Amino acid sequence: MKYCTKCGTQNEDDSVFCLRCGNRFQEVQQPQNQQVPGIPQQPQSQLPYTVPQQPIKSKKKGKGCLIVFIVLIAFLVLTIVLAVAFKDAITGPSHSKVGIVMELNDDQATDVLSIFEQCGIGEISSVELFQASEDRTSYYVDDVETAAYSGADYTIVVWVDNATKTILEIYFNGVTIYADGEVKAQVSDYYISKESRDTYRVNAQVYVNQCLSYPDTAEYSNISGWNFGVRDGLDIVQSTVTSQNAFGVPSTMTFQVKFDRSTGAVVSLILDGKEYIE
């Protein structure tokens with residue numbers, strides 16, 4: 001049914017004119033959501049509800065790659081440090097000094113240091129060319145232990161074959177300790193350690209004082225004026241003392257005391273040329 005817009009009379013859907021007032025019907029487009037008289041308004045169709053979009057935080061690109069890069073760098077640095085430490089543990093300062101001065105490769109330097117160790121020669125403090133010939137070359141070698149004390153000449157002389165770079169002889173304080181590929185003696189056989197030196201120096205003064213006329217006036221040389229040596233299995237101590245003689249006159253005398261290496265007992269005491277041990 002349609003209604004006349006002029007008088008509101010209900011007419012048939014196909015009517016052209018209103019039955020009551022004769023008003024001509026026209027097709028009128030009704031605006032959306034406008035209610036037509038007599039016709040219930042249809043509810044407006046609901047559009048689907050759209051959830052508000054949340055801002056998406058962009059991930060920082062490259063952070064993972066940076067961490068991997070840092071780990072790789074740290075691993076590389078650690079590898080280098082360990083390699084250097086391992087090399088130093090194998091070679092060390094002695095290995096470098098001997099190898100450079102004697103012109104040895106790593107294997108040759110290792111062999112030389114092995115012989116040094118067998119002879120009781122410790123960490124090398126210096127190596128110096130002594131003599132050179134066509135076939136062989138000699139070197140002065142000092143280790144930390146024997147070269148640490150002044151007033152004593154504990155020289156290590158090493159002869160090396162020029163062609164094979166092998167050790168021919170080693171002399172310590174004039175005594176052969178290595179020759180013909182064999183260790184003949186240890187450095188300790190001809191060397192007095194620091195502890196033994198201190199003990200011998202104190203004991204020597206005690207025995208020398210017993211031979212002086214006025215021991216209370218005795219003045220001994222400083223440490224540099226004491227000499228130590230080893231001969232025929234005896235440790236030898238030499239120095240000087242200034243004391244009043246029997247006439248009360250100050251006199252400087254030289255003394256030598258020999259100690260048995262195994263027992264430490266005094267076997268000889270010579271003061272001013274006189275032997276006091278029978």
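**Group meeting: a walk through the predicted model**

The chain exposes about 19100 Å² of surface, and carbon and sulfur atoms supply 54% of that. Keep in mind that this is a predicted model. How much of the chain is buried? Of its 278 residues, 28% count as buried. In secondary structure, the chain has 4 helices and 14 strands. Now contacts. Take those between residues at least 6 apart in sequence: 37% of them join residues at least 24 apart.

Let me start on the outside. Please find helix H1, residues 63-90. Ile-70 is found there. Is Ile-70 buried or partly exposed? Its relative accessible area is 49%, so Ile-70 is partly exposed; the exposed class begins over 50%. Ile-70 also belongs to a nonpolar surface patch. The other residues in that patch are Leu-66, Phe-69, Ile-73 and Val-77. Together they make about 470 Å².

Next, the strands. Look at S3, residues 124-132, and S4, residues 136-143. They run antiparallel, and 7 bridges join them. What links S3 to S4? A hairpin does, through 3 residues. For a landmark, pick Ser-126; its bridge partner in S4 is Asp-142.

S4 has another partner. It pairs with strand S5, residues 156-161. That pairing is also in the antiparallel sense, over 6 bridges. Here the landmark is Tyr-140, whose bridge partner in S5 is Val-157. So much for S4.

Now the aromatics. How many aromatic pairs does the structure hold? It holds 5. I will show one of them, Trp-226 with Phe-255. Centre to centre, the rings are 5.6 Å apart. The planes make an angle of 70 degrees. That counts as edge-to-face, because the cut-off is over 60 degrees.

Where do the two residues sit? Trp-226 lies in the loop between strand S9 (219-220) and strand S10 (227-231). Phe-255 lies in strand S12, residues 250-260. The pair therefore ties together parts that are 29 residues apart in sequence. Are these residues buried or exposed? Trp-226 is buried, at a relative accessible area of 1%. Phe-255 is buried too, also at 1%. Both values fall under the 20% cut-off, so both residues count as buried. One more name belongs here: Tyr-220 forms one aromatic cluster with Trp-226 and Phe-255.

Last topic: backbone angles. Two residues to look at. Which loop holds Glu-103? The one between helix H2 (92-101) and helix H3 (106-118). Glu-103 is not a glycine, yet its phi is positive, at about 60 degrees. This residue is exposed, with a relative accessible area of 61%.

The second residue is Asn-173. Its phi is near 55 degrees, a positive value in a residue other than glycine. Asn-173 lies in a loop as well, between strand S6 (167-172) and strand S7 (175-179). Is Asn-173 buried or partly exposed? Partly exposed, at 32% relative accessibility.

To recap, here are the places to click on. On the surface, go to the nonpolar patch that includes Ile-70. Among the strands, take S4, which pairs with S3 and with S5. For the aromatics, open the cluster of Tyr-220, Trp-226 and Phe-255. For positive phi, check Glu-103 and Asn-173.

Key
Residues numbered from 1 in each chain as written. Predicted model: local features only at pLDDT ≥ 70, side-chain atom pairs only at ≥ 80, totals over all residues. Heavy atoms only, no water. Phe/Tyr/Trp six-rings, centres within 6.5 Å; stacked < 30°, edge-to-face > 60°. Helix = DSSP H or I, 4+ residues; strand = E, 2+ residues; numbered from the N terminus. Buried < 20%, exposed > 50% of the residue type's maximum accessible area, 1.4 Å probe, protein only. Contact = heavy atoms within 4.5 Å. Areas by Shrake-Rupley, 256 points an atom, 1.4 Å probe, with all protein chains shown as cover. Patch = residues over 30% accessible without salt bridge, like charges linked within 9 Å, V, L, I, M, F, W, Y side chains within 5 Å. Salt bridge = Lys/Arg side-chain N within 4 Å of Asp/Glu carboxyl O. Pairing = 2+ DSSP bridges.
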